[in-house]
Amino acid sequence: MKVTVDEDKCCGAGQCVLIAPEVFDQREDDGIVIILDAEPPEQLRVPGREATGVCPAAAIVLSEIA
């Protein structure tokens with residue numbers, strides 16, 4: 001799984017950080033999401049998917065990699 005973010009869409013709600021803090025963080029100045037692990041290990045994939053689902057701006061995109 002590969003995680004990407006459209007920073008222009010991000011509204012800084014922080015739901016992704018609450019659900020998957022090992023994968024996401026936020027910039028201190030404006031709250032925009034930061035990806036900590038663009039290719040999270042298996043144990044972080046479920047929280048990563050959940051964070052994607054709750055993003056109010058639909059700024060997080062997951063893609064499966066081979």
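Here are some notes on this structure, which is a predicted model.

1. Let's start with the core. The largest nonpolar core takes in 15 residues. Those with the most contacts inside this core are V3, C16, V23, F24 and I60. As a general point, nonpolar side chains in soluble globular proteins tend to be buried together.

2. V3 is worth clicking on. Setting aside its neighbours within four places in sequence, V3 touches V23, F24, I35, D37, A38, P40, I60, V61 and L62. Among these partners are V23, F24 and I60, which are also listed with V3 among the core residues with the most contacts.

3. Now the cysteines. How many disulfides does a search of the whole structure find? Zero. For C10, the nearest cysteine sulfur is that of C11, 6.0 Å away; a disulfide would need the two sulfurs within 2.5 Å, so C10 is in none. C16 is in no disulfide either, and its nearest cysteine sulfur, belonging to C55, is 6.4 Å away.

4. Are C10 and C16 buried or exposed? C10 has a relative accessible area of 16%, so it counts as buried. C16 is buried too, at 10% relative accessibility. The cut-off behind both calls is under 20% relative accessible area.

5. There is a hole to look at. The structure holds one cavity of 30 Å³ or more, and the largest cavity has a volume of about 90 Å³. Its lining is made up of 15 residues, and C10, A13, G14, C16 and C55 are the ones that lie nearest the centre. So C16 turns up both here and among the core residues with the most contacts, because a residue can be buried, as C16 is at 10%, and still line a cavity.

6. Helix 2 (residues 45–54) has two sides to compare. Its buried residues are P47, G48, A51 and T52. Viewed down the helix axis, these buried residues fall within an arc of 145°, so they line one face. What do they pack against? Helix 1 (15–19), strand 2 (24–26) and strand 4 (60–63). On the face turned away from the buried side, you'll find the exposed residues V46 and G53.

7. Last, have a look at L36, which is in the loop between strand 3 (33–35) and helix 2. L36 has a relative accessible area of 48%, so it is partly exposed. Its C-alpha atom is 5.3 Å from that of F24, although the two residues are 12 apart along the chain. Beyond its neighbours within four places in sequence, L36 is in contact with P21, E22, V23, F24 and D25.

Key
Residues numbered from 1 in each chain as written. Predicted model: local features only at pLDDT ≥ 70, side-chain atom pairs only at ≥ 80, totals over all residues. Heavy atoms only, no water. Core = buried A, V, L, I, M, F, W, Y, C linked by side-chain atoms within 4.5 Å. Buried < 20%, exposed > 50% of the residue type's maximum accessible area, 1.4 Å probe, protein only. Contact = heavy atoms within 4.5 Å. Helix = DSSP H or I, 4+ residues; strand = E, 2+ residues; numbered from the N terminus. Arc of directions from axis to C-beta. 1 Å grid on protein atoms, 1.4 Å probe; cavity = no way out; pocket = protein on both sides within 12 Å on 5 of 7 lines; lining within 4 Å. Points joined across faces, edges and corners; volume = space filled by probe spheres on them.
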